[in-house]
Amino acid sequence: MIVNTGKMVRLHDLINPRTDNCLLVDTSVTSGVGAVEGLEHFHDTVTGINEICDGIIVNPGQLEHHAELFGGSRRATPLVRLDWTNYFRKADFCLPAKTVYRIMISDVEDALQLGASAGVVRYMMGFDDDFEARNIESISHVAKKAYREAFPILVEIGPFGYKVSQHNLEDTIKLGVACMLEIGIDGIIIPDCPIEIMRIIGEWTDIPVIIRISEQFQPKNLDIMLNTGLSGMLIGENIYNTLDYKKFIKALFVQMHQEKA
Amino acid sequence: MSISSGKTVRLNRLFNPADGKAVCVAADHGWMSDPTPNVMNLRKILEKVVQGNPDGILVSFGTAMRMTDLFCGKGSPALIIRADWMNMPRLGGSNTSNILPVTNFKKKATSFAKDALLMGASAITIYYFIGYSDEFEALNIEQNAFFAKECRKIGLPIIIEPMAVGGAVTGVNIAETLIVSARIAVELGADALKIPYTGDIKTFAKLVDEAGMPVLVLGGAKSDNPRDALELVDEAMQAGASGTVFGRNVTKASDPRQMVADIVDLVHRGKSVDEIVGKRAYEHVRLKAIPANCTGCQICVVSCQAKHLENYGNSRARLKIKIDYGNGEPQNSKPVVCTLCEKCVSVCPTAALTINDHGYLTLNSELCSRCGDCVRACPFDVIWQDADGFPVFCDMCQGDPQCVRNCPSNALELIQKVRI
């Protein structure tokens, strides 16, 4: 029995109910580092991709100003990025981050008012204990508010901190998934990881799990990845500086929702 | 006279009104420690837990959201929501067994009481840490007072969980610290307490007496054997406790349903540990086939399938009848049964398959890698894998084998098993 109809309807704005899969695209990194190559003109970029993916993660300001790009039966649904971080200001950035921060820039009510189908927040792992505790607290309260408002929340696991190494990366992802399941969110975005880890997570979880694909991703592996029980893929900001990104996204979209092709 | 009918009604859901006692299970560990098998298999485990008829289950908000079905209906356990988060299990700079060890003790309020009420909860539980530092205790007091006030307002019972941890707590003062913390929790507004056992009946009785509110004893880390855990419950009940909130002793048990049922027997039915542990009539026995008596009627096979799968047939039984065909005609038949040779146990790479205290094969599905080694090792071919890959084997019907009971020709019998 579906108890929370609002969440279910909104969640299926981004997850195609016929295939139970979704292809999401992220444009939100710009809130931390400004316009990245290929995303200088938000309107133009989104116009080119908003019919070849299921959802687009956007910052609240861009959604407010470009709402006409979203909605409708054929176009992507907007997911609002509810938090901000300076983590992506690396050494080659004009003002590299000395201390990593993560703060909330929007909330559930705001996102609903903007017409979003879901909100996305980060669970940034491996930093100091205070940082983690505040992150847990913040996501918990977003989840409760979202429950009351019937608004789906997706959490992106970010094993970014100094405590994470190649040695414990996979376990850290699993730890992140465990924490988020208990907090009560509606979907999880995990970083790219070995197929075996995807399979463990896919079999374990009973909410949609979406993988943020890395630059090493091969489209031929799509079916294998989806067969692990995952619900979809998220394409990150690195895609926009490639010449044929629209072609790449479209090919994945068609492959994922084959009956649409 | 009850002042808040909301609290009264909800407490009555949790504490059996007939005896004022409650058997609860804590399954809220998933976001405070590593993703251990009992965390990753939580639904399967809780489905078994529910079969043991607990009065309540303590879970996180997320688990409540995803496993609502377990809490629906009059006979189902009351939902208790954990309203805070802490990182204590990951604490300790040298504790490298954790995936991400932490060095600073943190605790955060992660829900409002009204969120739990919205979920249909009958109570919330929050920690009260005492002994770590004065500042940390003050933070705990502040949070508890806030929750207590909110719970009073909305008629939701609040269970406070005092925990004596930190450098200031020693073996000498831990009992007294728990007694004091229990009373402080009640002063703040606790409707019930979830608290560790002090270690002896006398001090725990003092705790219960001075608290003046229902006290539920918690189990802590998993005991080496179920009897230890049951004896702790027994002592706490003798001291006046109102029941239990056991977590890992149940969720990590080889048979969570049985563990809950045993605690229910202790708490609600007043049985002794000896009565419970000794109630299984057939200890350390095994099946013995007597081929000379076998008529090949297959009733044993059908009984096995009926017992375990609740349908009739012979394709999924845990024993079989081997029929010798001489000259194309059936000549003689014999039952092939598990002899508890333990070859499957010895090849199991994860120690998931073991012989339990009662001498039966038992599977810890959390550990099972579903490799099928046990199936291949079985010399009698009476182990098979189910659709999920888990081995299915003779469990002696928990002491009352239906094949023996129903065999019309006494071709099967129970004999004493001698372990070498």
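**Notebook: confidence, barrel and chain contact**

I began with confidence in this predicted model. Among the elements of chain A, I found the lowest mean pLDDT, 87, in helix H9 (residues 222–226) of chain A, and the highest, 98, in strand S7 (residues 153–158) of chain A. For chain A as a whole, I noted a mean pLDDT of 91. I also recorded that 98% of the residues of chain A reach 70 or more.

I turned next to the strands. In chain A, I traced 8 strands that close into a barrel, in the order S1-S2-S3-S6-S7-S8-S9-S10. The pairing in this barrel is parallel. I looked up the angle as well: neighbouring strands of this sheet are turned by 25° against each other on average, direction ignored.

I then examined one pair within the barrel order. Strand S3 (residues 77–81) of chain A and strand S6 (residues 118–124) of chain A run parallel and are joined by 3 bridges. I identified one of the partners by name: Val80(A) has Gly119(A), in S6(A), as its bridge partner. As a general note, I added that strands of a sheet pair through backbone hydrogen bonds, either parallel or antiparallel.

Last, I looked up the contact between the chains. I recorded 29 residues of chain A in contact with 27 residues of chain B. Helix H6 (129–149) and helix H7 (169–183) of chain A each supply at least two residues of the side of chain A that touches chain B. The largest share of that side, 10 residues, comes from H6(A). By residue class, I entered the side of chain A that touches chain B as 14 nonpolar, 10 charged and 5 polar residues.

Key:
Residues numbered from 1 in each chain as written. Chains lettered and ligands numbered in written order. Predicted model: local features only at pLDDT ≥ 70, side-chain atom pairs only at ≥ 80, totals over all residues. pLDDT = per-residue confidence, 0-100. Helix = DSSP H or I, 4+ residues; strand = E, 2+ residues; numbered from the N terminus. Contact = placed C-beta atoms within 7 Å. Nonpolar A, V, L, I, M, F, W, Y, C, P; charged D, E, K, R; others polar. Pairing = 2+ DSSP bridges. Axes fitted to C-alpha atoms, helices over the stretch in contact; angles between N-to-C directions.
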